[in-house]
Amino acid sequence: METLYPLQEPQLNNSAEHKFECLLSVVGTERMVSITTQASVGSDEACDLVLDDPYVSKRHCVLERRGARIWVRDRRSRNGTWVNNVRVDRCALPDPCRIDLGRTRLRLVYRKGRPGDDNPLGIVGRHPAMTKVFRRIRRYAPNDLPVLIVGETGTGKELVARALHDGSPRADRPFEAINCAAIPRELAESELFGHERGAFTGAAQRFSGAFSRADGGTLFFDEIGEMPLDLQPKLLRALEEGEIRPVGAETSQKVAIRLVAATNRDLLAEVERGRFRHDLYYRLAVGIIDLPALRQRASDIGELVQHFVRHYAGEGAPRVNDELMAWLGAQSWPGNVRALRHAIQRALAECEGDILRRSHFDLRRRVISASESVLFAGRAFKDVKTEIFSRSLALNGGNRSATAMALGIPKSTFFDQLRVLEL
């Protein structure tokens, strides 16, 4: 009975880093809690949310933001963490829900109405192209079918993959992301399937691969088009049979994963060139989500700018003047949302006043403007990429690191692409 849970007034130690919003009430007393990544809960005054309850452990549990969902993780508390009358060690919190800690009862409701929060995915965007993306995420998430996410670098493919996971029945299980472009070719099989101790030189102990770590949850292959051709049959077999054999192991082990993959390549064209297996493509592309480039949904740039400024600057965020907003909206952003985010981060570091201006952006690290992007219409993607990289390098004085940062592309990926394009 609720009368057994006395009203406790929580002390909120919210700092500038915490910018996630939900309604958290202690039996009738609504309070707003803002979190970006996580907030600790307990009776210790060092916690972000302090509960005056002798039956609550000093460090009782942690609330964590993962994509569009909030998770709770018990920290070996004395009396346990209970969600809707079920004791949990770690779980995604439904909306709404009741959390019992000691003799304190918390109610949690996700807050609606903020830019980017009018959908349950935590992804900013109101353009019709993004509405289509949201609709497909909602349609695919509850099912176990494989999904292929297609889009240019920096469009938010991993964010969509996490939204698919968070909206699935596997939400309380692991989400394991693996970047195929970053795996050393000689270690690729071990990274996926694991290895036994002594399986090869340097294998000093047993290693659990991505499939094992994701067992029961979602396995996300980023840049699947970069996977070595000789490893693709083994991946296909693991997906078809639902089992893997670690390197050096004598027996196979069963795994149950939900597969999500992403690429910035035209995989059908890669199939025609013999660089990607057609049977693996059709195994991956059961459901397809095509993410638009930022230039194709330029009407979202203003909302994204405000979102990033608020996210990184907190309550004292500087105001964005009209001149800057117009200038940002005129860029084509070859690095897409990631490039915009990095640009905002750099500008906030330069800003010392209460207004964010164009002068706060490092103009030596330039991106190609919308007027220049017209030159690319109707041309092959590889030619366009070559042209964009060449022009961006020239604009940044040949500095590869500065160019990668301006485009919003990780340096290692950018350097690899330069080699592929022979630049």
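Colleague: What makes the five strands an open sheet, and in which order do they lie?

Modeller: In this predicted model, the five strands follow the order β14-β15-β18-β13-β19, and their pairing is parallel. The two ends tell you that the sheet is open: β14 (175–179) and β19 (287–290) stand at the edges with a single partner strand each, so one side of each has no neighbour in the sheet. On average, neighbouring strands here are turned by 20 degrees against each other, direction ignored.

Colleague: How do you know that β13 and β19 pair?

Modeller: Two strands count as paired if there are at least two bridges between them. Strand β13 (residues 147–150) and β19 have four bridges, in the parallel sense. For a place to look, L148 stands opposite I288 in β19.

Colleague: What packs on this sheet, and which strands does it touch?

Modeller: Helix α1 (residues 128–140) does, touching β13, β18 (258–263) and β19. The direction of α1 makes about 155 degrees with that of β19.

Colleague: Let's turn to another strand. Why is β11 called largely enclosed?

Modeller: A residue is buried when its relative accessible area is under 20%. Five of the five residues of β11 (residues 97–101) are buried, so the strand is largely enclosed by the rest of the structure. C97, I99 and L101 point one way, R98 and D100 point the other way, and all are buried. Across the protein, 49% of the 423 residues count as buried.

Colleague: What makes β8 and β11 a pair?

Modeller: The threshold is at least two bridges, and strand β8 (residues 81–83) is joined to β11 by three, running antiparallel. One of the positions to find is W82, whose bridge partner in β11 is D100.

Colleague: How do you know that β6 pairs with β4, and how many bridges does β6 have with β7?

Modeller: Between β4 (residues 38–42) and β6 (residues 61–66) there are four bridges, and these strands run antiparallel. There, V41 stands opposite C61 in β6. Between β6 and β7 (residues 69–74) there are six bridges, again in the antiparallel sense. Here E64 has W71 in β7 as its bridge partner. Pairing needs at least two bridges, and both counts satisfy that.

Colleague: Now the helices. Why is α8 called oblique to α10?

Modeller: The axes of α8 (residues 301–313) and α10 (residues 336–350) cross at roughly 45 degrees and come within 10 Å. Roughly parallel would need an angle under 35 degrees, and roughly perpendicular runs from 65 to 115. An angle of roughly 45 degrees fits neither, which makes α8 oblique to α10. The crossing is right-handed.

Colleague: Which residues make that contact, and how do they divide by class?

Modeller: From α8 come I301, L304, V305, F308, V309, Y312 and A313, and from α10 come V337, L340, R341, I344, Q345 and L348. They divide into 11 nonpolar, one polar and one charged.

Colleague: And what makes α8 oblique to α9?

Modeller: Helix α9 (residues 322–329) packs against α8 at an angle of about 120 degrees, with the axes 9 Å apart. The perpendicular range ends at 115 and the antiparallel one begins over 145, so α8 is oblique to α9. This crossing is right-handed. I301, G302, V305 and Q306 of α8 meet M325, L328 and G329 of α9. By class that gives four nonpolar, three polar and no charged residues, with Gly counted as polar.

Colleague: Why, then, is α13 called roughly perpendicular to α14?

Modeller: Helix α13 (residues 400–407) and helix α14 (residues 411–420) pack at about 110 degrees, with their axes 9 Å apart. The range of 65 to 115 counts as roughly perpendicular, so α13 is placed in that class relative to α14. R400, S401, T403, A404 and L407 in α13 meet K411, F414, F415 and L418 in α14. The contact has five nonpolar, two polar and two charged residues.

Colleague: Leaving aside neighbours within four places in sequence, what is F415 in contact with?

Modeller: F415, which is found in helix α14, is in contact with R400 and S401. Contact means heavy atoms within 4.5 Å, whereas the C-alpha atoms of F415 and S401 are separated by 8.8 Å. These two residues are 14 apart along the chain.

Conventions. Residues numbered from 1 in each chain as written. Predicted model: local features only at pLDDT ≥ 70, side-chain atom pairs only at ≥ 80, totals over all residues. Heavy atoms only, no water. Axes fitted to C-alpha atoms, helices over the stretch in contact; angles between N-to-C directions. Buried < 20%, exposed > 50% of the residue type's maximum accessible area, 1.4 Å probe, protein only. Left-handed = near helix turned anticlockwise from the far one by under 90°.
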